[in-house]
Amino acid sequence: MTRPITPLLDTIASPADMKRLAPAELRQLADEVRAEMIDAVSLTGGHLGAGLGVVELTVALHAVFDTPRDRLIWDVGHQAYPHKILTGRRDRIRTLRQPGGLSGFTRRSESDYDPFGAAHSSTSISAGLGMAVARDLSGGRNAVVAVIGDGAMSAGMAYEAMNNAGAMDSRLIVILNDNDMSIAPPAGAMSAYLARLVSGPTYRSLREAMKQLAKVLPKRLREKAKLAEEYARGFWTGGTLFEELGFYYVGPVDGHNLDHLLPVLRNVRDAEDGPILVHVVTQKGKGYPPAEAAADKYHGVGRFDVVTGQLAPAKSNAPSYTEVFARSLIDEAARDERIVAVTAAMPAGTGLDLFGEVFPDRVFDVGIAEQHAVTFAAGMATEGLKPFCAIYSTFLQRAYDQVVHDVALQNLPVRLPIDRAGLVGADGATHAGSFDVAFLGCIPGMTIMAAADEAELVHMVATAAAHDDGPIAFRYPRGEGRGVELPARGTPLAIGRGRVVREGTKIAILSLGARLGEALKAADELDGYGLSTTVADARFAKPLDRDLVRRLAREHEVLITVEEGSVGGFGCFVLHALAEDGLLDRGLRVRAMVLPDVYLDHDKPDALYTRAGLDARGIVAKVFEALGREKLGLAGRA
């Protein structure tokens, strides 16, 4: 494939090289960055639409500000690919999200131009304010710029940070990248002129002089003068909400017009007083017609053909776990009108877009607000509804207090479908679902299930629908299922009861979740070594099937637990139960296989599980370690 021709970009080794470029050259540079990004992502996959929307903004920011001395923080990091291209990482941009390659998000260890790592949303303003305060305390003069998207502004944390920043009056610049909600669309030349005017030193100096003059007026007149100025400016520019939070509002500005962006950014860079918010309006997927026409489809993509925009077809014929969950929930909701669904800005990612097609009045997207989503679902549960609050494992971490205080403490039957449990692949450590069993398992009254395959997931959806005694969570991985036959209808499982899927006499493997297939492969190999192996699917991490655990412990020489989670989860629950029952004193050899106590970088999920030792080979090796023998020939096997 021929790479794009980029003569100007080829001369840019760092943002310092951009300082010599004229505005027309910056326009050409933006076009070349966009072409380079499209070509790179077509080979690696990744988050395309958001990055395309901020190409001009990225060029303008690096041309105006002195990065990395000036701190530039990208919220979430989905839109940071152009930033990476311009900050010395172009030579590696085609390793994006690949094993050993660039992260799909900003990362402090990757570059000095990434002052703050981000992959979860709405953190940039808080981090930026912390940096600004640190600068002020040390007597620094550098700028701090936080770029946050309109979607991330739906999270309460962003407003908490803005409220704090406004009260502190610290010098902080927030760029609101408005690419969806269009708070106020830019109105061409007049909008650009007004933004440049109110951000410029003349207007700000006059405004400051009027504020000083107003101080000698009676309080009533002073307040009226302040309101008059805010309303007059708000009439032309909008932004009253941000003004009330203590920010000086500038905008809206066309985020794709460098003639508009550059002077406004220079003005706010040179401002000396207080926090400023610049409202920039952009278009997702800008400059690439397939992405412009389907912004949601091209938010996160696999490999695709640059010319046609055609996405590479999926290789597996098995349905994804997410789809199985959605179809199962639709089936249950057709029989029970009390079932409703809640998502925190991830309707497609959780499959609830499919639910919404069938039951549009029973699905609720609350925005990037996981804390609110959980408590919102708790409120529904108090009134007799059956809320399924579907949140990725890694994002459920953001709502932990709400799960404890608002749901579990009141024993409310909120259902928590936990998507992306375990290792997720290209999104890396920030999106891995490593901790949910551990952090949910310590909560009194919580029921926790983990699906071994897609058929089990169907039954767990039915179990959650039928469960009215307190909160219940069920976890399942990203990607396609194992290809097992799906039941016509889910059957509620007996709470706290596992199942034996293969009988043996010497070795017992007790699996929780989707490692069951690898456990069965390990059992085949162990049988070949004369080690008769039982394989059981725990189904429930809590309440634990203690009868099953006792049986496995009493009837086998070695007991291995396997889970796709951190230490502190299922294996610890099993060890605790064995200790309480006195079964560890009988010479039983127990090993708990968990994810390693490190953050695993991005790679294909199978490769990550191999690295973690949670594949069939790793299980076999763990058995022989417990037996105290070396497994002949194991080291030489693929």
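This is a short walk through a predicted model, from its confidence to its sheet and one buried residue. Residues are numbered from 1 along each chain as its sequence is written. Local features need pLDDT of at least 70, side-chain atom pairs count only at pLDDT 80 or more, totals for chains, interfaces and linings use all residues, and side-chain values use heavy atoms, without hydrogens and water.

Confidence comes first. The mean pLDDT (the predictor's confidence in each residue, from 0 to 100) is 89, and 88% of residues reach 70 or more. Over residues 181-191 the pLDDT is below 50; this stretch has 17 contacts (heavy atoms within 4.5 Å) beyond near neighbours in sequence. Residues 231-237 also stay under 50, with 12 contacts beyond four places in sequence. Where pLDDT is low, the predicted coordinates should not be read in detail.

Now the sheet. It is open, with 5 strands (DSSP runs of E, at least two residues, numbered from the N terminus) in the order 1-2-3-5-4, and the pairing (at least two DSSP bridges between two strands) is parallel. Strand 1 (71-74) and strand 4 (248-254) each have a single partner strand, so one side of each lacks a neighbour in the sheet. Strand 2 (residues 144-149) is joined to strand 3 (residues 173-178) by 5 bridges. Gly149 stands opposite Asn177 in strand 3.

Last, a helix (a DSSP run of H or I, at least four residues). Helix 1 (residues 23-44) holds Asp39. Asp39 counts as buried (under 20% relative accessible area, 1.4 Å probe, protein chains only) because its relative accessibility is 6%.

How values were computed:
Buried < 20%, exposed > 50% of the residue type's maximum accessible area, 1.4 Å probe, protein only.
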